[in-house]
Every structure is written in C-alpha cells, then in structure tokens.
Amino acid sequence: MPAGFLGELLGTMVLILLGDGVVAAVLLNKSKAQNAGWIVITAGWAFAVAMGAFTSIAFGGPGSLNPAGVIQGWFLPAAGTELNITADILIIVAQFLGAAIGAVLVYLAYLAHWPVTDDPGAKLGVFSTGPAIRNPTANLITEI
C-alpha cells in the first residue's frame, strides 16, 4: 500500500459522510434539518471538504480527495516530484473506496428516512446533482 492510501480513504469517507449527510438532512422527510435550504448545504459541504482534507493529511494522505487532482499531477507535476502512476492509481482506488464507504454510512444513518420520503428526486439528490432547469446546452456550458 502506498503512503497516503489510508489517509485518502478516510479523508474521502469523511468528505462524503459529512457532505452527503447534510444533503440528506435537508432533503429527506422527517429530518430535523428538513427544508433548511441551500445555505445549510453549501456550508455543510464547505465543512465536509475541510474536514476531509484535514483527516487525509492527519493519516498521511495528500489531502486531494479527488481523482481529478491526482490525474492532473500526471500532466502538471509539482516541481521536484517524481511521477509514480502505480501509487497514484492506488490513491484513486482509496478515494473511490472511501467515497463508497461514506455513501453507505449516509444511507444507513438515514435508513428510517428513505421509506417516508416519497420524492425520488430528493432521494437521488442526496447522492448526485442535477440541474434545476433541464437545458442540455446551458447545463453543458455551466459544467465546462
């Protein structure tokens, strides 16, 4: 296992647990935070990113929490760093595993709320994002 595997696994798990957890709290029925609004979600996600990075670094990870950051390093390496694609791929695996574990923990934490939430869009919104207005051209431009 490369240095940082455990850090990235735990950091990404914390990121998803707190980030998706706040979304679940706001969107799912009978939650104490139901309908708290987007400011609660954005503040919760900001806290989730910070705590995920701190957790990763505390356990020896780089604190990137995102495969895109690792892959970016292949094309724009930091000065004085050596390219180690094998170690980087293992870091990416750790990030995916951490994200999956975090998502499962959110699902389990809100287990009683899933059956009482009728809106499938709200349930999907806990784990993914989608445009408020579906316009493929405009949505693509904003994503780019």
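**Helix 4 and its neighbours**

Let me begin with a pair of helices in this predicted model: the axes of helix 3, residues 67-75, and helix 4 come within 9 Å of each other and cross at roughly 170°. Since angles over 145 degrees count as roughly antiparallel, that crossing makes helix 3 roughly antiparallel to helix 4. If you look at the side of helix 3 in this contact, you will find Pro-67, Val-70, Ile-71 and Trp-74, and these meet a set of helix 4 residues that includes Ile-85, Asp-88, Ile-89, Ile-92 and Phe-96. Sorted by class, the residues of this contact divide into 9 nonpolar, 1 polar and 1 charged.

Now to the other partner, helix 1, residues 5-27, which packs with helix 4, residues 85-109, at an angle of about 35°, the two axes being 7 Å apart. Here the contact has 16 nonpolar, 5 polar and 2 charged residues, and the crossing in which helix 1 passes helix 4 is right-handed.

What about helix 4 itself? With 25 residues at 1.5 Å a residue, helix 4 should span 36 Å, and its end C-alpha atoms are indeed 36 Å apart, so the expected and modelled values agree.

Which residues of helix 4 are buried? They are Ala-87, Ile-91, Ile-92, Ala-94, Gln-95, Gly-98, Gly-102 and Val-106, and the buried residues of this helix pack against helix 1, helix 3 and also helix 5, residues 120-127. As you trace them on the structure, please keep in mind that an α-helix has 3.6 residues a turn, so residues three or four places apart point the same way.

Key. Residues are numbered from 1 along each chain as its sequence is written. This is a predicted model: local features need pLDDT of at least 70, side-chain atom pairs count only at pLDDT 80 or more; totals for chains, interfaces and linings use all residues. Side-chain values use heavy atoms; hydrogens and water are left out. Axes are lines fitted to C-alpha atoms, for helices over the stretch in contact, and angles run from 0 to 180 degrees between N-to-C directions. Helices (H or I, at least four residues) and strands (E, at least two) are DSSP runs, numbered from the N terminus. A crossing is left-handed if the near helix is turned anticlockwise from the far one by less than a right angle, and right-handed if clockwise. Ala, Val, Leu, Ile, Met, Phe, Trp, Tyr, Cys and Pro count as nonpolar, Asp, Glu, Lys and Arg as charged, and the others, Gly among them, as polar. Angles under 35 degrees count as roughly parallel, over 145 as roughly antiparallel, 65 to 115 as roughly perpendicular and the rest as oblique. Contact means heavy atoms within 4.5 Å. The expected span of a helix is 1.5 Å times one less than its number of residues. Buried means under 20% relative accessible area, exposed over 50%, partly exposed in between (1.4 Å probe, protein chains only).
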